[in-house]
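Visitor: I'm new to this one. Could you walk me through how to read it?

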Amino acid sequence: MAKNPATCKIEHHAMMFAFLAKHTIQLCGEKGKDIILNGMTIYGKERGARMAANALAHGDELTTMTNQAYGEWKPDYDGQMEFGQLRTEPTLHTYISKCAWCDAWKKHNITEYGKYYCVNIDNAVYQGFRSDFVCTPITTSLSWGGNRCEFDWGHPLSPEEASALSEKKKSLGNSCIKDFNFHTAHLKYTLSKVLIEELGETGEKAVELALDEYAKTFGEEYLRVLDEVDAALF
């Protein structure tokens, strides 16, 4: 049997979330929003915990510096995202001024549902990495109509840590990066599980409608490839 050629990108990940949010909210209203946000907190913490496990496996302490070093994704191509540091002390502030998730939701005219992805994902990943960490948004995010996303990570990056971060990223290279077949399958798996556990048959219906719309948008092969990841990892 030929290997499935489908290769998911950030667009697929963004739209998997948006379709799940859309159908949950359309079926359940405010309750649906709450459950989607809870599901995203669970998903984010799972990502953060995986990053922490990688850091510890490399003998690194769990700090703001190592959190920044052990990210699990990268843009699909140069220029797709624009982000960086605003300051490093007294606490690290970062920004995102161009976002591939926002671009995907705008392209498919679904930002009204996609924007719920942004409510707590960065903080959830950070808290999954270390439970006493808090990442605070300090502007209105792009998906909610702001000019750019800005975050306060609650801890400084000293000049020594900033230098160590650069060296750590260089030494890790792409060794901790996971592709968007993995990330999209993980998102599908965790959110679907939460929706079905919390909403029963209505959750099953929301998932069914979302996956159907996803397959109609991108092709059945982009759904099958997620099932292959599910079977192997989850």
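Guide: Happy to. Let's start with a definition: helices and strands here are DSSP runs, with at least four residues for a helix and at least two for a strand, numbered from the N terminus. In that scheme, His 12 lies in helix H1, which covers residues 10-57. Keep in mind that this is a predicted model.

Visitor: Is His 12 buried or exposed?

Guide: The cut-off for buried is a relative accessible area under 20%. His 12 has 7%, so it is buried.

Visitor: Which residues is His 12 in contact with, leaving aside its neighbours within four places in sequence?

Guide: Those are Thr 7, Thr 184, Tyr 214, Phe 218 and Tyr 222.

Visitor: Let me step back. How many helices and strands are there in the protein chain?

Guide: The protein chain has 9 helices and 4 strands. Reading from the N terminus, the order is α-α-β-β-α-α-α-β-β-α-α-α-α.

Visitor: What about the overall dimensions? What radius of gyration does the protein chain have?

Guide: The value is 18 Å, and a compact globule of 234 residues would be near 17 Å, so the two agree. If you draw a box along the principal axes, the C-alpha atoms fill roughly 50 × 45 × 35 Å. As for the inside, 49% of the 234 residues count as buried. The accessible surface comes to about 11500 Å², and carbon and sulfur atoms hold 50% of that. Among contacts with a separation of 6 or more, 73% are between residues 24 or more positions apart.

Visitor: Now helix packing. How are two packed helices described?

Guide: You give the angle between their axes and the distance between the axes. Try helix H7 (residues 180-199) and helix H8 (residues 201-218): their axes come within 6 Å and cross at roughly 150°. Angles over 145 degrees count as roughly antiparallel, and H7 and H8 are therefore roughly antiparallel to each other.

Visitor: Which residues meet there, in H7 and in H8?

Guide: From H7 you have Thr 184, Lys 188, Ser 192, Leu 195, Ile 196 and Leu 199, and they meet Glu 201, Thr 202, Gly 203, Glu 204, Val 207, Leu 211 and Tyr 214 of H8. Sorted by class, this contact has 6 nonpolar, 4 polar and 3 charged residues.

Visitor: And what about H7 and helix H9? At what angle do their axes cross?

Guide: Roughly 80°, with the axes of H7 and H9 (residues 221-233) coming within 9 Å. The range for roughly perpendicular is 65 to 115 degrees, and H7 and H9 are therefore roughly perpendicular to each other. On the H7 side are Asn 181, Phe 182, Thr 184, Ala 185, Lys 188 and Tyr 189, while H9 brings Leu 223, Val 225, Leu 226, Asp 227, Val 229, Asp 230 and Leu 233. Here the classes are 8 nonpolar, 2 polar and 3 charged.

Visitor: How many of the residues of helix H5 are buried?

Guide: Of its 9 residues (121-129), 7 are buried, so H5 is largely enclosed by the rest of the structure. The buried ones are Ile 121, Asn 123, Ala 124, Val 125, Tyr 126, Gly 128 and Phe 129, and they pack against H1 and H2.

Visitor: What do the buried residues of H3 pack against?

Guide: Their partners are H1, E2, H4 and H7. In H3, the buried residues are Ala 100, Trp 101, Cys 102, Ala 104 and Trp 105. After H3 comes Asn 109, in the loop between helix H3 (100-107) and helix H4 (111-114). Asn 109 is not a glycine, yet its phi is positive, about 55°. With a relative accessible area of 68%, Asn 109 is exposed.

Visitor: Where is the cis peptide bond?

Guide: Look between Glu 89 and Pro 90, where omega is about 5°. Pro 90 sits in the loop between strand E1 (82-87) and strand E2 (93-98).

Visitor: One last loop residue, Asp 76. Where does it lie?

Guide: Asp 76 is in the loop between helix H2 (64-69) and E1. Asp 76 counts as partly exposed, at 28% relative accessibility. Leaving aside neighbours within four places in sequence, Asp 76 is in contact with Lys 9, Ile 10 and Phe 180. The C-alpha atoms of Asp 76 and Ala 21, which are 55 residues apart along the chain, are separated by 24 Å.

Note on methods. Residues numbered from 1 in each chain as written. Predicted model: local features only at pLDDT ≥ 70, side-chain atom pairs only at ≥ 80, totals over all residues. Heavy atoms only, no water. Axes fitted to C-alpha atoms, helices over the stretch in contact; angles between N-to-C directions. Parallel < 35°, antiparallel > 145°, perpendicular 65-115°, else oblique. Contact = heavy atoms within 4.5 Å. Nonpolar A, V, L, I, M, F, W, Y, C, P; charged D, E, K, R; others polar. Rg over C-alpha atoms; globule rule 2.2 N^0.38 Å. Buried < 20%, exposed > 50% of the residue type's maximum accessible area, 1.4 Å probe, protein only. Areas by Shrake-Rupley, 256 points an atom, 1.4 Å probe, with all protein chains shown as cover.
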